[in-house]
Amino acid sequence: MQVIEITDFVEARRARLAQYHGLPRALQLNGQTLTGSVKSIVMDASATKWTVRLIAAPPIVDKKYSLRAG
């Protein structure tokens, strides 16, 4: 599980909608893109920032194009 802080209202809203609908969401953390399910999103009352807990999903591999041994 990754904890990401967001300061953009629009990204926070998209994350919240992804949480409610159970859709995967891609978020940036230190220049790296993480994709997964949003577990929770909490607004910090003292500042305009949101804390998002993201359960990272492994990348989807298409079995049709996967490498086979032998």
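Two strands are taken to pair if DSSP finds at least two bridges between them, and on this basis the predicted model contains a hairpin in which strand S3 is joined to strand S4 through four residues. Within this hairpin, S3 (residues 32-44) and S4 (residues 49-56) are paired in the antiparallel sense over eight bridges. One position in this pairing is Gly-36, whose bridge partner in S4 is Ala-56.

The hairpin belongs to an open sheet of four strands, arranged in the order S1-S4-S3-S2 with antiparallel pairing. The edges of the sheet are formed by strand S1 (2-6) and strand S2 (24-29), each of which pairs on one side only. Averaged over the sheet and with direction ignored, neighbouring strands are turned by 55° against each other. At one edge, S1 runs antiparallel to S4, and the two strands are joined by five bridges; in this pairing Ile-4 has Val-52 of S4 as its bridge partner. At the other edge, S2 is paired with S3, again in the antiparallel sense, over six bridges, and here Arg-25 has its bridge partner in S3 at Gly-36. Gly-36 is thus a bridge partner of Arg-25 and also of Ala-56 in S4.

Helix H1, which comprises residues 9-21, lies across S1, S2, S3 and S4, and its direction is at about 95° to that of S3.

A further link between the helix and the sheet is provided by aromatic side chains, of which the structure holds one pair. This pair is formed by Phe-9 and Trp-50, with a separation of 6.1 Å centre to centre and an angle of 55° between the planes, and it is classed as tilted. The class follows from the cut-offs, because planes under 30 degrees apart would count as stacked and those over 60 as edge-to-face, with the rest being tilted. Since Phe-9 is located in H1 and Trp-50 in S4, the pair ties together parts of the chain that are 41 residues apart in sequence. The two partners are assigned to opposite accessibility classes: Phe-9, with a relative accessibility of 52%, counts as exposed, because the exposed class covers values over 50%, whereas Trp-50, with a relative accessibility of 8%, counts as buried, because the buried class covers values under 20%. The aromatic pair therefore connects an exposed residue of the helix with a buried residue of strand S4.

Notes:
Residues numbered from 1 in each chain as written. Predicted model: local features only at pLDDT ≥ 70, side-chain atom pairs only at ≥ 80, totals over all residues. Heavy atoms only, no water. Phe/Tyr/Trp six-rings, centres within 6.5 Å; stacked < 30°, edge-to-face > 60°. Buried < 20%, exposed > 50% of the residue type's maximum accessible area, 1.4 Å probe, protein only. Axes fitted to C-alpha atoms, helices over the stretch in contact; angles between N-to-C directions. Contact = heavy atoms within 4.5 Å.
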